[in-house]
Amino acid sequence: MAIDASLIEADANKQNSTPKEDWDATHIDSADAPRAVREYLDTLDKAAFGAASEVQPKFTSHSDPASQWTAARKGPAFFSYSDNYLIDTDHGVILDVEGTRSIRQAEVGSTQTMLTRVKAKFGLVPDWMIADTAYGSGPMLGWLVERKIDPYIPVIDKAGRPDGTWTRTDFDWDALNDQYICPEGHALKQFRRNYSDPSRGPTGKGTARYRALKEVCQVCPSKQKCCPNAEARKITREEQEDARQVARDLANTEEYQIAMKLRKKVEMLFAHLKRILGLGRLRLRGPCGANDEFLLAATAQNLRKLAKIFPAPQQTRKA
Ligand code: SF4
């Protein structure tokens, strides 16, 4: 299976919107509000919409407040919803569709919603999942690997160091002893004794910190390449690092190249949706309106695809 999201413009414009510093949803009277505004209030706690992020959008539309002000296409910003597709890569059939706010957390969250729904509805569980870098966070990869779904997904990796010194990938992970081994063969450990300060252990955000011994680094011949500005080298180990490593290992396989080509099938479906079916801008407002339009458009695309896979029997004309 493969997954991706595409922005579809909402039926809203900036002239009829409020900047974030002036927006206050608590003053809206839901009894008097139009349907799209009531839906906005109803979805404020839902992971696919209001609860997807605590960051307030720069502008909120009056006519469709659940739509997201976004400049994700690197062009002028506009109000939009995200159309998320889960497809079967053998035939390009859309297995599930979900409308969300146009932010990464909501789009990535829809993967779990759709995979859970497809399993419950059709009993389908993929052996592998293909997606782009937006889906390569630790929690997402961990969720897939836990369910024995191989992630053919580029990992979001912030381990790079701009000063050219050794990065985390230059250190070997020793899972048995819960430590990293540096290129000079010394151990970086999380705990060497019982610390009274809990902040020296796991941070509570799923990130653990490993340190080399100061006295070892101070006399190390490779210190300039490793930690020129620190007394000793420190390395953080992100949440779900094992799952991230699974994805990194898969990225070095031949299958990964095939997977990246198969991913284009979702992009082609979105191109078809916009250019041929003409769904460049929504006509209905609110999360329900967006979901209805996305579902109907995906159904039309599937019918077209199924007609190609199973063509109707040719009727022979009687002479
Ligand atoms: S500076 Fe420390 S961590 Fe880095 S290579 Fe030398 S001993 Fe290892």
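Strands E1 and E5 pair in the antiparallel sense over eight bridges, where strands are DSSP runs of E with at least two residues, helices are runs of H or I with at least four, both numbered from the N terminus, and pairing requires at least two DSSP bridges. The model is predicted, with local features needing pLDDT of at least 70, side-chain atom pairs counting only at pLDDT 80 or more, and totals for chains, interfaces and linings using all residues. Residues are numbered from 1 along each chain as its sequence is written, and side-chain values use heavy atoms, with hydrogens and water left out.

Within this pairing, Tyr81 of E5 is the bridge partner of Ile8. Seven of the eight residues of E1 are buried, that is, under 20% relative accessible area, with exposed meaning over 50% and partly exposed in between (1.4 Å probe, protein chains only).

The largest nonpolar core, a set of buried Ala, Val, Leu, Ile, Met, Phe, Trp, Tyr and Cys residues joined through side-chain atoms within 4.5 Å, has 34 residues, and Tyr81, Leu282 and Phe294 are among those with the most contacts inside it. Strands E1 (2-9), E5 (78-88) and E6 (93-100), together with helices H7 (254-262), H8 (264-275) and H9, each supply at least two residues of this core. Beyond four places in sequence, the contacts of Leu282 (heavy atoms within 4.5 Å) include Ile8, Tyr81, Ala290 and Phe294. A second, separate core of 21 residues includes Val108, Met129, Leu141 and Ile149.

Helix H9 spans residues 286-309 and contains Leu306, which is partly exposed, with a relative accessible area of 35%.
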